[in-house]
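Open the model in your viewer and keep the selection box at hand. Each stop below says what to select and what is there.

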Amino acid sequence: MAVYNLTSVTQFILIGLSDLPEVRYPLFVAFIMIYQITLLGNGIILLAILTERKLQTPMYYLLTNLSLLDIFCPSATVPNMLKNLLTEDHRISYVGCALQLYFLVALAGTEVFLLAVMAYDCYVAICFPLRYCLIMTKVRCVQLLFGTWAAGFLNSFVHTMSTFSLSFCKSNRVNQYYCDIPPVVALSCSSTYVAEMLVLVVGGIFGVGAFLITLISYIYIVSTILKIQSAEGKRKAFSTCASHLLVVFLFYGTTIFTYIRPTSSQHSPGRDRLISMLYAVITPMLNPIIYSLRNKEVKGALRKVLHLRICSEKA
């Protein structure tokens, strides 16, 4: 469906994988399994942290928020994507598209800021271990978390307002399986200069700033670890931030792959969208696995949660 001339758009069509109909049902099964594993894995992480008193520390408060984001972020796109795969109804209302874009950009932006805060937390823990409790107090942690969520949602509000203040009168076919800024802006028949500049300037300042905080924190962390004399001390120091470092690599790696990589000339656009879909849903599923495998305290708390559940079922 396309809308031309000066007719305003009241709904959008999410192209998704409409040009790859042969993989609809296998993908539906794969994505619903991945989504359920994501909800279950992050839910167990949340339960373990909330029920284990030893994990009531700033580091794990930050991990709790990461798990919440890994539940909310795919929930903004995956249920609608599953409906599209199953019914071939790719329509989404104008308001629905705006809301989906707002929450997706807000949650993704919040995760960028949260990873920077978690990197700062690791920096303080490794570089100033004796002062950690004085620097990363519960009050400071709450302030950082509030700022993280507020910045993410404020940033998204600016981009959503600028995107949907544009006129859409050429086509309503969004070249993606969800509403995102680039494919929606591409449909505008009015000047997109302001919206594009906001993405570059505002998004660039926030995104690059958060990335630099993460990068600089890890430069100091690595420098401090290399100065430790004993191999055991180095191992313990590295294990403190290894899980977060893996999550950072995974997040930025998938973001670069999805948004910055050039479109493949060897594959159809549908296959490129399929690869982007896989990367977008797999990352939230892997984060709880990484933390449960790399962190002894989380593993211990998970064992207690699973043991209590097994005992309650037997009772």
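A crossing is left-handed if the near helix is turned anticlockwise from the far one by less than a right angle, and right-handed if clockwise. Helices are DSSP runs (H or I, at least four residues), numbered from the N terminus. The model is predicted: local features need pLDDT of at least 70, side-chain atom pairs count only at pLDDT 80 or more, and totals for chains, interfaces and linings use all residues. Residues are numbered from 1 along each chain as its sequence is written, and side-chain values use heavy atoms, with hydrogens and water left out.

**Stop 1: helix 1 and helix 3**

Select residues 24-51, helix 1, and residues 78-87, helix 3. Their crossing is left-handed. The two pack at about 155°, with axes 9 Å apart. Axes are lines fitted to C-alpha atoms, for helices over the stretch in contact, and angles run from 0 to 180 degrees between N-to-C directions. Helix 1 and helix 3 are therefore roughly antiparallel; angles over 145 degrees earn that word, and angles under 35 count as roughly parallel.

Now show side chains. Helix 1 makes the contact (heavy atoms within 4.5 Å) with Arg24, Tyr25, Leu27, Phe28, Phe31, Ile32 and Tyr35. Helix 3 brings Val78, Pro79, Met81, Leu82, Leu85, Leu86 and Thr87. Colour this contact by class: 12 residues are nonpolar, one is polar and one is charged. Here Ala, Val, Leu, Ile, Met, Phe, Trp, Tyr, Cys and Pro count as nonpolar, Asp, Glu, Lys and Arg as charged, and the others, Gly among them, as polar.

**Stop 2: helix 4 and its partners**

Select helix 4, residues 94-127. Add helix 8, residues 193-227. These two pack at about 20°, their axes 9 Å apart. That makes helix 4 roughly parallel to helix 8. Helix 4 passes helix 8 in a left-handed crossing. On helix 4, contact residues include Val112, Phe113, Leu115 and Ala116. On helix 8, Phe206, Ala210, Ile213 and Thr214 are among them. The contact of helix 4 with helix 8 has 17 nonpolar, three polar and no charged residues.

Swap helix 8 for helix 6, residues 138-164. Helix 4 and helix 6 pack at about 145°, with axes 7 Å apart. Here helix 4 passes in a right-handed crossing. The contact has 19 nonpolar, eight polar and no charged residues.

**Stop 3: the largest cavity**

How many cavities of 30 Å³ or more does a search of the whole structure find? There are three. On a 1 Å grid over the protein atoms alone, a cavity is a set of points where a 1.4 Å probe fits but cannot get out, a pocket is an open set with protein on both sides within 12 Å along at least five of seven lines, and lining residues have an atom within 4 Å of a point. Grid points are joined across faces, edges and corners, and a volume is the space filled by probe spheres set on the points.

The largest cavity has a volume of about 80 Å³. Select Met59, Tyr60, Leu62, Leu63, Met118, Asp121, Cys122, Thr240, Ser243, His244 and Tyr291 to see its lining. Helix 2 gives the largest share, four residues. By class, the lining has seven nonpolar, three polar and one charged.

**Stop 4: the second largest pocket**

This pocket holds about 610 Å³ of space. Its lining has 22 residues; centre on Met59, Tyr60, Ser239, Thr240 and Glu297, which lie nearest the middle of the pocket. Helix 9 supplies the largest share, four residues. The lining divides into eight nonpolar, five polar and nine charged residues.

Notes:
Angles under 35 degrees count as roughly parallel, over 145 as roughly antiparallel, 65 to 115 as roughly perpendicular and the rest as oblique.
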